[in-house]
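Trainee: I should like to go through this structure with you and ask how each label is justified.
Mentor: Certainly; let us view the structure and begin.

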Amino acid sequence: MTQRLIVIGGVAAGASAAAKARRANECIEIVLFEAGPYPSFANCGLPYYVGGEIPNRDALFVVDPALFDSRLRVDLRLQHRVTAIDRDARQVSYVDAEGRENTLAYDRLVLATGTEPLVPPVPGIEAANIFTCRTVPDVDAITARLASIGHDNEDRAEVLVIGGGFIGLECAEQLLDRGCRVTLVEMAPQVMGPLDPEMAWPLEEALVAAGGEVITGDAVATIDHGESRSVATLGSGREIAFDFAVLGTGVKPNVALARAAGLELGVTGAIKVDCQQRTSDPAIFAAGDNAEAEFLPTGTPVNIPLAWPANKQGRVAGCNAAMDLAGAAADDPLRLRSSAITGTSIVRVCGMNAGGTGLTEKVAARLEREVAVVYLGGPNHASYYPGSRPMMIKLVYEPASGRVLGAQAYGESVDKRLDVFSTAIRGGLTVEELEDLDLSYAPPFGSAKDAAVLAGFAAANARRGTAPGIAPLDFLEGRGLAEDTVLVDVRSAREAEVEPFEDALNLPLDELRERLDEVPQGRPLVVACASGQRSYAAQQILRHHGWGDVRNLYGGYRLLSRVRAMQRR
């Protein structure tokens, strides 16, 4: 009798599981249940279809449904909703597209049920003009709504975006591109919660510069609906009128089936799995956004709903389920195993890119884990080559060992730098080993001293004690600074006049050696410039002339002014 693998969920993890299972075992029957009308669609591309950046709706469909049968011999059943799992009988109950109830037995089962939206308990939030952006029918509804509203300046749609994470930011960007008036409301004090506040702030700046409005630290309390428009009242009392709203308030793992079946859930609320993606029931696997993973920098369980981990976990689950049915041993070398993740992610908002990988400083503080940080600003490629644009990198590392724990960056071409740091975390590299990386270089692509390597220089020099630094937020709040600390501005006199540091002694770098007698003796110094590079040179001059307590202001005036603006908003 042919053995059967059932996969529940037909998008990233589920489709990957079914495809890998077929490649691992040609003899089994594979049934793929998908509750929606479309399998394997590009859910990460949905906001870009709303904005028209992806103009062709068909481009959202990664795999033609017919290929599941013709190429993979997978029995794809769309609009089939699984309602229960009977572990003792090894069967699932489901409702088909016509509403008929039935059951189907399995020998192995993969749960790839993904997430469900976090809908805040706000009166009036369940309405026809309030949308999520998770499925193709969702964006069909949003684009239909946009089409029903005129396109001249008098009839520009007023859109409220609730939530400032990936989906909220991407939808806000795309709706601005469609000519809408957009207000984004985020309950937290910053947008893009996975990043440290100062590294997410440029995204907010970019959205505002593009014509949007951003409200942070406030939340929608109630929504009232009129005949043609709605009004959201925030906790602060402010009222925002809108034509329609998009919810981007986050997601949670969809574990209803697993919980009802008695499968063990982890500390994150997602399904607990082993390295083969096997659940507490040996016949059931789980993969993707509904499953836990190990976070590499800390070794702790996490649930991070991202496309790449979901696809990888689906591949592992499908392989191992199929090998089970082929009679493979538990330690068969052909089995796949999931490794810990770093949560690498990136977003673009109105021309500004920002992302991160691994541990952030704020998460480290919450875990009471000691970390050190450096900031490194510079051009995305050789500054003399046309089109050079700035970037800022924040590197998080373990002070005792120098091991790289995380990194964040904003600006141009930060994706490849984040990939370097993610690889460094995976390999257990130290900041000293970052110094030795051999990265591709030509003027259109990077610099002879790449920014990722320079970040390693800065961190390694800090560990050696030759170039200690101070973060801009620490400087503004006086953390670790003696009361008699002197700020030395080594920019030119003209720069210092146009964009002055408060209470700074201006000694331009090129005059510093001749004016050392003006530098206070016996007092701690912080040296600063525009970006942190000239001040590093000044720091070395002062150290070699007898000043012992000299710290470099990481990121210089550019980063400090951004952090100060963030504090003042």
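**Loops and a cavity**

Mentor: In this predicted model, Gln79 sits in the loop that joins β3 (74–78) to β4 (81–86).

Trainee: What makes the phi of Gln79 notable?

Mentor: Most residues other than glycine have a negative phi. Gln79 is not a glycine, yet its phi is positive, at about 55 degrees.

Trainee: Why is Gln79 called partly exposed?

Mentor: Its relative accessibility is 44%. Buried requires under 20% and exposed requires over 50%, so Gln79 counts as partly exposed.

Trainee: Where does Glu368 lie, and what is the sign of its phi, positive or negative?

Mentor: Glu368 lies in the loop between α9 (361–366) and β23 (372–379). Its phi is positive, near 55 degrees, and Glu368 is a residue other than glycine.

Trainee: Is Glu368 buried or exposed, and how do you know?

Mentor: The relative accessibility of Glu368 is 75%. Exposed means over 50%, therefore Glu368 counts as exposed.

Trainee: How many cavities of 30 Å³ or more are there, and what is the volume of the largest cavity?

Mentor: The count is 1 cavity of 30 Å³ or more. The largest cavity has a volume of about 60 Å³.

Trainee: Which helix gives the most to the lining of the largest cavity?

Mentor: Helix α8 (residues 307–325) does, with 3 residues. The lining includes Pro309, Ala310 and Gln313.

Trainee: What makes up this lining by residue class?

Mentor: The lining of the largest cavity has 8 nonpolar, 3 polar and 1 charged. Asp counts as charged, and Asp289 is among the lining residues.

Terms used:
Residues numbered from 1 in each chain as written. Predicted model: local features only at pLDDT ≥ 70, side-chain atom pairs only at ≥ 80, totals over all residues. Heavy atoms only, no water. Helix = DSSP H or I, 4+ residues; strand = E, 2+ residues; numbered from the N terminus. Buried < 20%, exposed > 50% of the residue type's maximum accessible area, 1.4 Å probe, protein only. 1 Å grid on protein atoms, 1.4 Å probe; cavity = no way out; pocket = protein on both sides within 12 Å on 5 of 7 lines; lining within 4 Å. Points joined across faces, edges and corners; volume = space filled by probe spheres on them.
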